[in-house]
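This report goes through selected features of the structure shown below. It starts with one strand pairing and ends with a surface patch.

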Amino acid sequence: MSPKSKTGKRRDPGDVAALEPTAGDTGAKVPASPSKATGDSCDPMDPVCICDTMDEIFTHYPREEASLIMILQELQDRFNWLPDAALERIAEELDIPKSRILAVSTFYKSFSLDPRGRKVIKVCTGTACHVRGAGMLLEEFERVLDIPVGEGMTDDGTFSLESVNCVGACAMAPAVLVNDRYYAKVGPGNLGKLLTKERES
Amino acid sequence: MSETKTVRITIDGRSIDAPVGQTVLEAARQHNIDIPSLCYHPGVEAFGACRLCVVEIRKHNWTPDWKQLVTSCLFPVEEGLIVETRSPEVMENRKVVLDLQLARVPNSDVIRQLAAEYGIHDTSYEKREDADDCIMCGLCVRVCDAIGAHAISTLSRGPEKYVDVPNKDACIGCLACALTCPTNAIEYIEEGNMRTIWDKTFEVVLDPVNKKPIATPEQIAHFSKQSGLPEDYFTKSDATRKKETAASFARVMFD
Ligand code: FES
Ligand code: FES
């Protein structure tokens with residue numbers, strides 16, 4: 001979390017329990033037809049049931065505590081965040097207390113407990129980018145997208161905004177990373193173009 | 001019973017026989033040698049978080065001027081180990097630790113008093129703003145896990161790290177975290193038959209005789225399930241249970 005946004009600090013991770021990914025917003029393979037109920041919490045009529053995805057993820061790793069981080073990573077890749085229902089399921093399958101899972105998932109910055117947009121914009125604020133105006137760029141992104149850095153997503157569910165410290169592309173400063181795509185020398189002038197391009201792809 | 005294997009170590013010049021598997025801290029305490037500690041609790045696995053229990057060690061096969069600072073709560077005893085608990089290096093190290101802790105929890109009476117004992121009355125570092133009394137030693141989390149409730153954990157990391165109750169449903173209101181916290185940083189309220197901790201309010205079962213609070217129903221159910229003892233075993237204080245037993249003996253003997 002950036003030092004700027006202090007608000008998220010004492011957030012109760014339990015609060016996100018009701019939120020589920022919605023079909024359009026996530027990269028997850030959401031089953032078209034109601035899935036077979038496997039977890040207790042699964043409502044067979046729920047169009048965004050994640051049971052199938054979870055079932056599949058569990059086939060990739062041995063069911064032991066050591067698999068936790070790999071499973072969380074795969075979840076994060078698929079959904080762009082860690083839905084609470086999925087964490088419950090992991091707790092059950094791997095027999096790890098949920099409190100421990102939350103300790104791990106809040107420890108690493110690459111995990112998010114809040115829903116994130118389909119595309120995560122990472123503005124580099126490392127030294128090289130900083131001296132080339134990354135701070136102002138970040139503020140401009142916040143203004144244009146109308147979301148604070150490190151929290152939430154745009155209303156249409158497309159973008160989330162984050163800051164990172166050096167993405168190893170200092171020659172391209174200020175650098176911006178959208179999911180896995182790099183953008184060089186981003187400034188207020190070409191920021192609009194970047195967003196249009198990303199929105200369309 | 002078979003003899004437990006012991007090793008001979010020296011603490012502050014005193015020769016001590018300590019059972020294999022004991023830590024230096026445990027051995028010292030057993031022989032009334034004082035080593036300060038904050039994050040150690042005999043009921044749970046040591047963690048080495050507070051760094052207050054540092055001691056200086058030397059081994060018999062080391063060159064004489066070679067020594068090392070270790071956390072005594074984690075360091076196992078071994079044959080011929082030589083331990084100094086108050087050498088100048090140790091004292092200097094503890095001072096730094098307490099100075100840092102004072103910056104983190106400037107309002108904690110426990111830390112202020114400890115620091116004062118080491119001659120530190122004000123921290124030389126920048127004080128934490130809006131500081132609570134938590135020194136992030138993680139004892140509460142270990143205790144909660146040991147009890148089997150798994151309700152609390154540390155969240156986030158680095159300077160942002162904090163202890164919270166991400167699994168509120170799992171909290172049984174046993175107060176173990178609050179009562180073992182070395183700096184009394186976990187707040188709870190107990191009034192009549194109500195108890196509030198981690199923003200969760202419990203009803204408390206009172207002792208049938210002296211009306212003192214005993215435990216929450218959730219706690220009783222948990223302990224009963226874990227121990228296999230009936231729930232009503234946990235609904236009375238020890239004093240009341242003893243009195244009842246005495247009364248029943250009296251009936252047997254005098255009737
Ligand atoms: S500082 Fe931005 S890429 Fe290195
Ligand atoms: S008691 Fe040994 S490090 Fe805290």
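Ile189(B) has Thr196(B) of β9(B) as its bridge partner. The model in which this pairing appears is predicted. Strands β8(B) and β9(B) are joined by four bridges, and they pair in the antiparallel sense. Both belong to an open sheet of three strands in chain B, ordered β8-β9-β10, with antiparallel pairing. At its edges are β8 (188-191) and β10 (200-203) of chain B, each of which pairs on one side only. On average, neighbouring strands of this sheet are turned by 15° against each other, direction ignored.

Strand β9 (194-197) of chain B also takes part in covering the buried residues of helix α6(B). Which residues of α6(B) are buried? Within this helix, residues 217-227 of chain B, the buried positions are Gln219(B), Ile220(B), His222(B) and Ser224(B). Their cover includes, besides β9(B), the helix α4 (139-147) and the strands β11 (205-206) and β12 (213-215) of chain B. After α6(B) comes Gly228(B), which has a positive phi, near 80°.

The elements of chain B named above have these residue ranges.

| Element | Residues | Role |
|---|---|---|
| β8(B) | 188-191 | edge strand of the sheet |
| β10(B) | 200-203 | edge strand of the sheet |
| α4(B) | 139-147 | among the cover of α6(B) |
| β9(B) | 194-197 | among the cover of α6(B) |
| β11(B) | 205-206 | among the cover of α6(B) |
| β12(B) | 213-215 | among the cover of α6(B) |

Turning to chain A, its secondary structure consists of seven helices and four strands. Along the sequence these follow the pattern α-α-α-α-β-α-α-β-β-β-α. Chain A has 201 residues, of which 47% count as buried. Among its contacts with a separation of 6 or more, 60% are between residues 24 or more positions apart. The accessible surface of chain A is about 10,200 Å², and carbon and sulfur atoms account for 53% of that surface.

Part of the surface is a nonpolar patch of about 220 Å², made by Ile69(A), Phe107(A) and Tyr108(A). Where does Tyr108(A) lie? Tyr108(A) is in the loop that runs between α4 (98-107) and β1 (119-124) of chain A. Tyr108(A) has a relative accessible area of 32% and is therefore partly exposed, as that class lies between the limits of 20% and 50%. A residue of a patch needs over 30% relative accessible area, so Tyr108(A), at 32%, meets that cut-off.

Notes. Residues are numbered from 1 along each chain as its sequence is written. Chains are lettered from A and ligands numbered from 1 in the order in which they are written. This is a predicted model: local features need pLDDT of at least 70, side-chain atom pairs count only at pLDDT 80 or more; totals for chains, interfaces and linings use all residues. Side-chain values use heavy atoms; hydrogens and water are left out. Helices (H or I, at least four residues) and strands (E, at least two) are DSSP runs, numbered from the N terminus. Buried means under 20% relative accessible area, exposed over 50%, partly exposed in between (1.4 Å probe, protein chains only). Contact means heavy atoms within 4.5 Å. Accessible areas come from the Shrake-Rupley method with a 1.4 Å probe; for residues, only the protein chains shown count as cover. Two strands pair if DSSP finds at least two bridges between them. Axes are lines fitted to C-alpha atoms, for helices over the stretch in contact, and angles run from 0 to 180 degrees between N-to-C directions. Patches are made of residues with over 30% relative accessible area and no salt bridge: like charges are joined within 9 Å, nonpolar side chains (Val, Leu, Ile, Met, Phe, Trp, Tyr) within 5 Å. A salt bridge is a side-chain nitrogen of Lys or Arg within 4 Å of a carboxyl oxygen of Asp or Glu.
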